[in-house]
Structures are given as structure tokens and as C-alpha cells.
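Hi,

Here is the structure I promised to pass on. Have a look at it first, and my notes on what turned up follow below.

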Amino acid sequence: MLLEFFETLTNANFPFLRNALLAGVLSSVLFGILGSVVTVRRIGSLAGAVSHAVLGGIGMALFLSATIIPGFPPIAGALIFAVLSAVIIGLVSLKAKQREDTVINAIWVIGMSLGLLFMAKTPGYADPSTWLFGNILLISNMDLILLAVLDIIVLVLARRFYAQIEASSFDAEFARTRGVPVDVIFLLLLGLTAIAIVLLQTFVGIVMVIAMLTLPSGCAGVFSRSLGGMMFSSCLFAALFSVSGLVSGWFFDLPVGAMTVIIAGIVFLGFSVVKAVRK
């Protein structure tokens, strides 16, 4: 069966399978680097709120495309809602820490509710499950180009500002006394994560994208001794999970995104059990 998968992969009549494989590899860079910082800074709930608020932008875009602005792309609406949510959450987190949880929960549920309302009023039928759970087999060449561009941007920024990112992630107060723009780095991180979420939701969907932002880095964190090492290992784990999810999803005729997250979850739990036993 594995041989048959590789034969299909090289078959010119099945370009969607090659696109899916490339998308998994390209996505692993974003999952690994951004996920490591999200895990170290313990802002997974912030990223989760942004990922779920994206549905509001998608629903708005589908409604506008069907009624007022023909051809309005869903990715544009998703980007608007994602960046706006990231800015609001970031500012509240910096200026009113005591209200952070309330604002995060509010954006989470309001974004999803708005998306469902917009889709309900969209002429025809708009199925939210496509956006909630994703389908990597529908990835397009343009999606691959956007993923590659964002990979390059994230890699360049991570290399150029690694010291500042590391300092602000582990000891923000000390980094601030040393002149590191901690707040600016935090807001830029949220913004990049929001943009990445919009692109990555095509892979595993809105509901599960947060899992791939945390599980690979969680596995890497078991044995990594530095943020850089964690980023590298996390990228490898994310690539392994992505390829394994694609192969197993194709083999068992199951949703690739769900299989990817299940494999990542099993490996993460396995590492956690081993670590607990050692302790």
C-alpha cells in the first residue's frame, strides 16, 4: 500500500496529492517556529481565540461575495478578522492583564458566532465544516506560494531577531531593562501567528490548527535545551506528523487533518508519559 501511495504521488494525474505533501512540509516551518514561541510564552489560548475568530471573517467574506462584492475572497475576510483579533487581544494583554481571559473568551465565541450568522444569511449553502476542519487535498498552487513566502519571512525574522525573541520569551522584565522592545515583539508575534493561522486553517482547519501550533513544540520541548533547538526539533516533528497524517489518511480513507492531529497527540502523550515515569 505504501508503494501504491508513492506511485500515486508521482502520477501526473494526481497533482493534488503532491500539493498536499508540499503543503505539509511548508506548514511544518510555521508550526515549528511560531508554535515554539507560542508554547514557551504560554499564549496558546491567545492563538486559539484568533484561530476561532477567523470564522467570522470567512463568513463575512462569503456573505459579501454572494450579495454586495462579487468575488470577495474568504482569505481576505479571514485576514481582517485575524489581525484585528490579534491586535485587540495583544493590547488588552499588555494594558489590562486582569481582563485578558474575558476578552479572549469573548473574541473566541463572538468570532465563531458571527461566522455562523453570516453563513446562515448567505444565499445558497455555505458549509462551515470545510473551514472548521480543513482539507489539505484542496490546497492550490497559490496557497503553496503564500505558504512559502510566509515561511521565508518567518525564517528571516527568527534568524535576525532570535536573541530578542529568546530574551523576551524567557524573562520579559529583564529583557525590557536591557532595552529589548518586548511589547513590540509580542504584538508582531501575534500578528504573524494570526496570518499563519489564516493560511494553515486550509491544512487542518480552524478547530485543529491550534493543536499543531502546540503539539510538535510540546514534543520538542521534552528534550530541547534552547529555543533554537526547540524550533528546529519542532519543525521536524511537525513535518513528520504532517506526512504521516497524509499517508495514513490516504491509506484509511480518513480526513488528513484529523489523522495528523491524532498522530501528533498520541506522540505527545507518549513523550509526556515517558517524562513522568523518568521523574
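Let me start with the aromatics: F223, F237, F241 and F271 are joined into a cluster by ring pairs. Bear in mind throughout that this is a predicted model, so please read everything here as computed from that prediction.

Across the model, the count of aromatic pairs comes to 7. One that is worth pulling up on screen is F63 with F118: the ring centres are 5.8 Å apart and the planes sit at 45°, so this pair counts as tilted. The two rings come from distant parts of the chain, with F63 in helix α3 (residues 44–67) and F118 in helix α5 (residues 100–121), 55 residues apart. Both partners are partly exposed: F63 has 21% relative accessibility, and F118 has 23%.

Next, the cysteines, since you may well ask about those. How many disulfides are there? The count is 0. Take C219: its closest cysteine sulfur is that of C235, 13 Å away, and that is too far for a bond because a disulfide needs the two sulfurs within 2.5 Å. Seen from the other side, C235 is in no disulfide either, with the sulfur of C219 as its nearest at 13 Å. As for how covered they are, C219 is buried at 0% relative accessibility. C235 is buried too, with a relative accessible area of 17%, because the cut-off for buried is under 20%.

Now for the outside. There is a nonpolar surface patch of about 690 Å², made by I75, L79, M142, I145, L146, V149, I153, L157 and F161. Which helices each supply at least two of its residues? Those are α4 (74–95) and α7 (141–160), and α7 gives the most, with 6 residues. On the α4 side you'll find L79, which is partly exposed at 31% relative accessibility.

Last, helix α12, which covers residues 256–278. With 23 residues at 1.5 Å a residue, α12 should span 33 Å, and the C-alpha atoms at its ends are indeed 33 Å apart, so the two figures agree. If you want to see which parts of α12 are covered, its buried residues are V256, G257, M259, T260, V261, A264 and G265.

That's the tour. Shout if you'd like to go through any of it together.

Cheers

Conventions. Residues are numbered from 1 along each chain as its sequence is written. This is a predicted model: local features need pLDDT of at least 70, side-chain atom pairs count only at pLDDT 80 or more; totals for chains, interfaces and linings use all residues. Side-chain values use heavy atoms; hydrogens and water are left out. Buried means under 20% relative accessible area, exposed over 50%, partly exposed in between (1.4 Å probe, protein chains only). Helices (H or I, at least four residues) and strands (E, at least two) are DSSP runs, numbered from the N terminus. The expected span of a helix is 1.5 Å times one less than its number of residues. Patches are made of residues with over 30% relative accessible area and no salt bridge: like charges are joined within 9 Å, nonpolar side chains (Val, Leu, Ile, Met, Phe, Trp, Tyr) within 5 Å. Accessible areas come from the Shrake-Rupley method with a 1.4 Å probe; for residues, only the protein chains shown count as cover. A salt bridge is a side-chain nitrogen of Lys or Arg within 4 Å of a carboxyl oxygen of Asp or Glu. Rings of Phe, Tyr and Trp (its six-membered ring) pair if their centres lie within 6.5 Å; planes under 30 degrees apart count as stacked, over 60 as edge-to-face and the rest as tilted.
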